[in-house]
Amino acid sequence: MLLHLKAFTSFMMIRLAILPLVLALNFSMCKRHPSAATSSEPVSSPPAAAAGGSPGPSVTSAAPSPKITKTVVDQTAQTIIFCYHRLVDKIRYPGTEITPADFEAQMKLLKDSGITVISMQDLLAWKRGEKNIPPRCAVITFDDGWKSQYEVAWPLMKKFGYPFTMFIYTEGVRGGSLGGGEAITWEQLADMRDNGVDIQAHSATHQDLREGHNIMLAAAGGKRTRTKLTGPEYEKWVQNEVVGSKELLEQRLGIKANCFAVPFGNYNEHVKEIARNAGYEAMFTVYGQPITFTSSLDSLGRYAIEANKPKVFVDAVKMIGTSSGGAAAVAEVGAANLSTQPADGETIHTALPLIKANLGRVGAIEPGSVQMRVSGLGVVPVSYDPKTGTVSYQVTQKLRGNSCTVIVSAKSEGKKVEAHWTFGIEEGAGAPASAAAKATPTPKK
C-alpha cells in the first residue's frame with residue numbers, strides 16, 4: 001500500500017511539472033495557426049482610400065486611375081470686342097458719347113442676333129486653350145472711367161446679364177489730376193469689383209505713349225505744360241504710364257490687372273515690351289476686327305462705338321452674325337517680316353502716305369486673294385506685283401486722327417495669312433484740328 005502511494009505521488013508530481021510545458025506549446029501553436037473561423041488564405045490589405053495610405057503588395061487589383069484630359073477648344077470660334085466711353089442723354093462730343101437709349105438697343109440687338117456676351121477673362125482663357133467660348137460672341141468694354149458708366153451703363157448691363165470690362169486711366173479717377181465731377185470714384189470702382197466687374201488698366205494720364213510725342217505734364221498749382229520727352233525722362237514717364245497705373249489699380253482695388261488698353265491705339269514695339277515685362281497678358285487697340293484663336297494678344301482690335309458712326313456697330317454684328325461656324329484659322333505674320341512702309345510704330349509727316357508691304361517671305365501668294373484694309377477707309381484698291389510680292393496703295397483721301405492701322409491679308413497654299421501694323425501721323429499733317437485736339441487729356445468736368 002505504501003509502495004502504491006509513493007508511485008501515485010511521483011506520477012502526480014511529474015504531471016504537474018509537464019503541464020506548463022504543454023500549455024505553453026499549445027499557446028504557441030494557436031499563434032502560429034489561425035482559428036477555424038479564420039480563412040487560411042492570405043488576407044488582402046484594405047484599399048488605400050479606406051486605409052488612408054498606399055495599397056500594400058498583397059493587393060491583387062486596384063481601381064483604374066482617372067484619365068486626365070486637356071480641354072480641346074474650338075479654334076474656329078470668333079469674337080468681337082466693343083469699346084464705349086460716355087453714356088449721355090444730350091450728345092456734345094459724338095466721338096466719345098452715345099445715348100443710353102441707343103446703347104440699350106445695341107445690347108438688345110446682340111441678344112436678338114444670337115451673339116453671346118462673354119467676359120474678357122473667358123476670352124483670354126480660350127486664347128490660352130483652357131476653355132471654349134460660343135462660336136459667335138462679343139466682349140463689352142468701357143474706357144476711361146466716367147461716372148455714367150457706373151450710374152447708367154452698369155444697370156443696363158445688369159438688365160441683360162452681360163459681363164463687361166472697365167479700362168481705367170488712374171489720374172482720371174475722381175481726385176486725380178484729371179478726375180473732375182464727371183469722373184468715376186474709387187468707391188464706385190470697388191463696388192463694381194465686388195459685384196464681378198472686370199477692371200483693367202488704361203495708362204495713368206491717357207496720352208500718346210511713344211517717345212518724342214507732345215504730352216501734357218502736371219505742374220505745381222494745377223498748371224500743365226506741353227512738352228516732348230526723350231531719353232531717361234521719357235523712360236521714367238512711360239514706366240509710370242504703363243507700369244505705375246497697373247500697380248496703383250492693383251493696390252487700391254486689390255485686383256490683378258492683366259489687360260492694357262492703349263490710349264488712342266498709339267504704341268510701338270518698345271511700349272509693347274514694357275507692357276509684357278509688366279505682366280500684361282493682352283493689349284488692346286481701337287481698330288476693330290473679328291478676334292480669332294490666332295489673333296496676336298498684343299494688338300487685339302476693338303470696335304469704338306461713337307454717336308457719329310452708327311454703322312460701326314451694325315456692320316460688326318453683321319460680320320460675325322452671319323457666320324455659322326466661326327472664322328477660319330488665320331496665320332499671323334509679323335509686320336517686321338514684311339518690310340512695311342510706313343513701318344510699325346513709325347510717325348509720318350503726311351496724311352497721304354504710300355502704304356506698302358512685301359509678301360515675298362510669306363510663300364506662294366494667290367494674287368486675287370490679296371486685300372488691304374486701312375482704318376477709317378476700309379478695304380482699299382491695292383496694286384500687287386507677283387514678281388516682287390509687293391502690295392501697295394497710295395492714299396488719296398487724307399487720313400484722319402493721330403494713327404492709322406493697316407491690315408493686309410492673302411491666301412498662301414490654301415491658308416489665310418494676315419499681318420497688321422500701326423503708324424502715327426504727326427499733328428497738323430492734314431488731320432482736322434478737332435482730331436488733333438482729341439489727343440490732349442482733359443479733366444472730366
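## Overall make-up

Of the 445 residues in the protein, 45% are buried. The model is a predicted one, and its secondary structure comprises ten helices together with 21 strands. Among contacts with a separation of 6 or more, 66% join residues that lie 24 or more positions apart.

## Nonpolar cores

The largest nonpolar core contains 57 residues, and within this core the most contacts are made by Phe82, Tyr84, Leu110, Ile140, Phe142 and Met166. Helix α7, which spans residues 231-253, supplies seven residues, the largest share of this core. A second core, separate from the largest one and built from 24 residues, includes Ile355, Val406, Trp421 and Phe423.

Tyr84, one of the residues with the most contacts inside the largest core, illustrates how its neighbours are drawn from several parts of the chain. When residues up to four places away in sequence are set aside, Tyr84 touches Ile98, Phe103, Gln106 and Met107, then Ile140, Thr141, Phe142, Asp143 and Gln149, and finally Ile305 and Phe313. Two of these neighbours, Ile140 and Phe142, are themselves listed among the residues with the most contacts in the largest core.

## Helix α4 and its surroundings

How much of helix α4 (residues 120-127) is buried? Six of its eight residues are, so that the helix is mostly covered; the buried positions are Met120, Leu123, Leu124, Ala125, Trp126 and Lys127, a set in which the charged residue Lys127 appears beside nonpolar ones.

The buried residues of α4 pack against a series of strands, namely β1 (78-84), β5 (136-144), β6 (165-168), β7 (198-201), β10 (259-261) and β11 (282-284). Just after the helix, Gly129 adopts a positive phi of about 80 degrees.

## The packing of α5 on α6

Helix α5 (residues 147-160) packs with helix α6 (residues 186-194) at an angle of about 40 degrees, and their axes are 9 Å apart. Because angles between 35 and 65 degrees fall outside the roughly parallel and roughly perpendicular ranges, α5 is oblique to α6. The crossing in which α5 passes α6 is left-handed.

On the α5 side, the residues that take part are Lys147, Gln149, Tyr150, Glu151 and Trp154, and they meet Gln188, Asp191 and Met192 of α6. Sorted by class, this contact of α5 with α6 brings together three nonpolar, two polar and three charged residues. Gln149 of α5, which meets α6 as part of this group, is also among the residues that Tyr84 touches.

Definitions and conventions:
Residues are numbered from 1 along each chain as its sequence is written. This is a predicted model: local features need pLDDT of at least 70, side-chain atom pairs count only at pLDDT 80 or more; totals for chains, interfaces and linings use all residues. Side-chain values use heavy atoms; hydrogens and water are left out. A nonpolar core is a set of buried Ala, Val, Leu, Ile, Met, Phe, Trp, Tyr and Cys residues joined through side-chain atoms within 4.5 Å. Buried means under 20% relative accessible area, exposed over 50%, partly exposed in between (1.4 Å probe, protein chains only). Helices (H or I, at least four residues) and strands (E, at least two) are DSSP runs, numbered from the N terminus. Contact means heavy atoms within 4.5 Å. Axes are lines fitted to C-alpha atoms, for helices over the stretch in contact, and angles run from 0 to 180 degrees between N-to-C directions. Angles under 35 degrees count as roughly parallel, over 145 as roughly antiparallel, 65 to 115 as roughly perpendicular and the rest as oblique. A crossing is left-handed if the near helix is turned anticlockwise from the far one by less than a right angle, and right-handed if clockwise.
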